[in-house]
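Welcome! Take a moment to look over the sequence and the 3D view, and then let us walk through them together.

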Amino acid sequence: MRYLSDVIDGLAFTELQGSADVEITAIAFDSRAVIPGAMFVAVKGTLVDGHDYIDQAIKKGAVAVICEDLPAHTTGEVDFLMVADSAVALGIVAANFYDNPSAKLKLVGVTGTNGKTTIATLLYQLFRDLGYKCGLLSTVENQINGKVIPSTHTTPDPVELNNLLAEMVDSGCDYCFMEVSSHAISQKRIESLVFAGGVFTNLTHDHLDYHKTFLRYLNAKKEFFDGLPKDAFALTNSDDKNGNVMLQNTAAHKKSYGLKTMADYKARILENQFSGLLLQIDGEEVWFKMVGTFNAYNLLGVYATAMLLEQDKAKVLTSLSKLTGAEGRFEYITAPNKVVGIVDYAHTPDAVQNVLSTIHDIRKGNEKVITVIGCGGDRDKTKRPIMAKTACEWSDKVILTSDNPRTEDPAQIIKEMEEGVDPAFKRHTVSIIDRHEAIKTACMLANPGDIILVAGKGHEKYQEINGVKNHFDDMEELENRFKDLV
């Protein structure tokens with residue numbers, strides 16, 4: 001049982017109309033989710049203002065309302081609390097309602113442009129292998145000690161987030177590893193969460209449709225580290241020029257990892273093959289099943305996090321050597337005629353370059369690299385020509401196609417990508433709107449030993465067109481085509 005006085009503990013409000021003794025049955029910021037006895041938090045979003053739905057929430061049984069602007073007419077039947085920022089208030093009351101679950105386990109947040117999903121997933125797999133009960137909050141899926149819960153956002157809203165964390169606590173979880181997106185930080189979704197540590201991977205061009213400038217994007221990531229408590233750790237990639245920026249104002253213990261520069265945790269690549277990586281990590285030579293320089297950073301970040309969480313070095317390295325990472329991240333298959341197909345979630349210019357440079361480093365001779373790539377609709381348009389340019393510079397042939405066009409015209413998206421194709425690359429580039437046909441064409445163009453990269457969608461099992469999610473699986477498409485390559 002939760003009373004209003006419990007739920008608003010620690011909340012700064014400028015006005016309270018009503019009694020703090022009312023019982024609260026649920027927290028909702030969407031009027032459609034209101035049940036009798038609920039508290040409704042009117043949040044001003046980017047597209048919708050919750051204040052416009054206060055009356056609907058009350059009609060559905062809300063007994064308390066948190067808002068920034070009081071309605072013109074209020075009655076004594078419903079309690080009203082006025083606050084400066086409803087989004088912040090939502091995080092506080094959601095955490096209180098679920099009895100602040102993040103403080104009852106060790107919560108580690110992973111943020112950055114690339115690598116968040118892989119690091120969070122590897123940490124989850126590692127700590128379960130070490131014998132702990134764990135939770136995972138990621139782009140691919142949420143998990144509570146093996147129980148899979150579908151994921152709709154990189155970082156859930158505060159109500160769902162605290163509900164999931166409470167389930168983890170009830171299940172006896174010792175740790176939770178979660179991706180922390182820049183959207184979640186800006187929208188205060190992680191407000192009132194207690195973190196045991198934070199990990200920074202890297203920062204490259206992405207989400208400027210939302211943040212507008214790279215500086216705002218950087219500052220959103222930095223805000224996460226600024227808010228870490230002094231007994232937490234702040235682990236950053238020292239090889240990324242923005243790594244030290246993340247640590248400038250944090251009260252947490254500052255630590256670093258890197259392959260090139262001075263760092264607290266160091267690694268060196270000894271071998272890099274399609275079958276895996278041989279790393280010298282903190283003085284030990286270990287063979288890992290994962291591939292590429294970017295995964296060397298991911299593995300090192302996971303190792304460093306485990307050391308900061310006081311785990312045994314030998315056990316950590318042994319366990320990590322067996323793991324394969326997140327679905328849709330450099331997953332590869334080989335056709336009967338030795339054509340190699342790779343599916344990767346790379347959807348930023350830097351991620352595309354990372355994957356293609358890894359392929360370039362691994363390939364043995366004159367194998368052609370054929371890249372199938374698109375850009376999502378209703379997302380950052382400025383990266384479209386850059387992604388096409390990057391793909392062309394690192395590939396022998398490029399097929400520009402649809403990703404998730406969402407509500408945009410896929411032909412227009414491809415046209416904007418084509419603007420980044422240098423004239424010298426045009427004869428090696430073709431545009432095919434239908435992603436199915438694009439992958440089919442790549443397979444037809446491939447000779448024995450060639451490498452096909454299908455980038456952008458990774459783990460996703462759908463293609464979103466005009467608001468409808470149609471089944472589409474890049475790996476499934478490759479597997480079906482590869483059967484005929486003999």
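Is aspartate 30 buried, partly exposed or exposed? Aspartate 30 is partly exposed, because its relative accessible area is 26%, and partly exposed covers the range between under 20% for buried and over 50% for exposed. Please keep in mind that this is a predicted model.

## Salt bridges

Aspartate 30 has a partner: arginine 32 forms a salt bridge with it, and the closest N and O atoms are 2.8 Å apart. Arginine 32 itself counts as exposed, because its relative accessibility is 67%.

In this model the rule gives a count of 18 salt bridges. Here are three of them, with the N to O distance for each.

| Basic residue | Acidic residue | N to O distance |
|---|---|---|
| arginine 32 | aspartate 30 | 2.8 Å |
| lysine 44 | glutamate 68 | 3.7 Å |
| arginine 363 | aspartate 396 | 3.4 Å |

Let us turn to the second row, where the side chains of lysine 44 and glutamate 68 meet in a salt bridge. This pair links distant parts of the chain, 24 residues apart: lysine 44 is in the loop between β5 (38-41) and α2 (54-59), and glutamate 68 is in the loop between β6 (64-67) and β7 (79-82). Lysine 44 counts as partly exposed, at 42% relative accessibility, whereas glutamate 68 is buried, with a relative accessible area of 16%.

In the third row, arginine 363 forms a salt bridge with aspartate 396. Arginine 363 lies in the loop between α12 (349-362) and β21 (369-373), and aspartate 396 lies in the loop between α13 (384-394) and β22 (397-400), so the pair ties together parts that are 33 residues apart in sequence. Arginine 363 is partly exposed, at 22% relative accessible area, and aspartate 396 is partly exposed too, at 30%. Elsewhere, Lys381, Arg384, Glu408 and Glu416 are joined into one network by salt bridges that share partners.

## Domains and an interface

How is the chain divided into domains? The domain assignment gives domain 1 (2-98), domain 2 (101-321) and domain 3 (331-483). Taken over C-alpha atoms, the centres of domain 2 and domain 3 are separated by 27 Å.

Now look at where these two domains meet. There, 18 residues of domain 2 are in contact with 22 residues of domain 3. Between them, domain 2 and domain 3 bury about 1600 Å², and 62% of that area is on carbon and sulfur atoms. On the side of domain 2 that touches domain 3, the elements giving two or more residues are α7 (208-211), β16 (265-273) and α10 (293-308). The residues of that side divide into five nonpolar, 11 polar and two charged.

How many salt bridges does the rule find across the interface of domain 2 and domain 3? The rule finds zero salt bridges there. Across this interface, however, it does find three residue pairs in polar contact.

## A residue to find in the view

Finally, try to find asparagine 237, whose place is in strand β14 (residues 233-237). Why does asparagine 237 count as buried? Its relative accessibility is 5%, and buried means under 20%. With neighbours within four places in sequence left aside, asparagine 237 is in contact with Phe200, Thr201, Gly243, Tyr257 and Tyr297.

How values were computed:
Residues numbered from 1 in each chain as written. Predicted model: local features only at pLDDT ≥ 70, side-chain atom pairs only at ≥ 80, totals over all residues. Heavy atoms only, no water. Domains from an automatic or database assignment. Contact = heavy atoms within 4.5 Å. Buried area = accessible area lost by both parts, 1.4 Å probe. Salt bridge = Lys/Arg side-chain N within 4 Å of Asp/Glu carboxyl O. Polar contact = N/O pair within 3.5 Å; in protein donor to acceptor, adjacent residues only side chain to side chain. Helix = DSSP H or I, 4+ residues; strand = E, 2+ residues; numbered from the N terminus. Nonpolar A, V, L, I, M, F, W, Y, C, P; charged D, E, K, R; others polar. Buried < 20%, exposed > 50% of the residue type's maximum accessible area, 1.4 Å probe, protein only.
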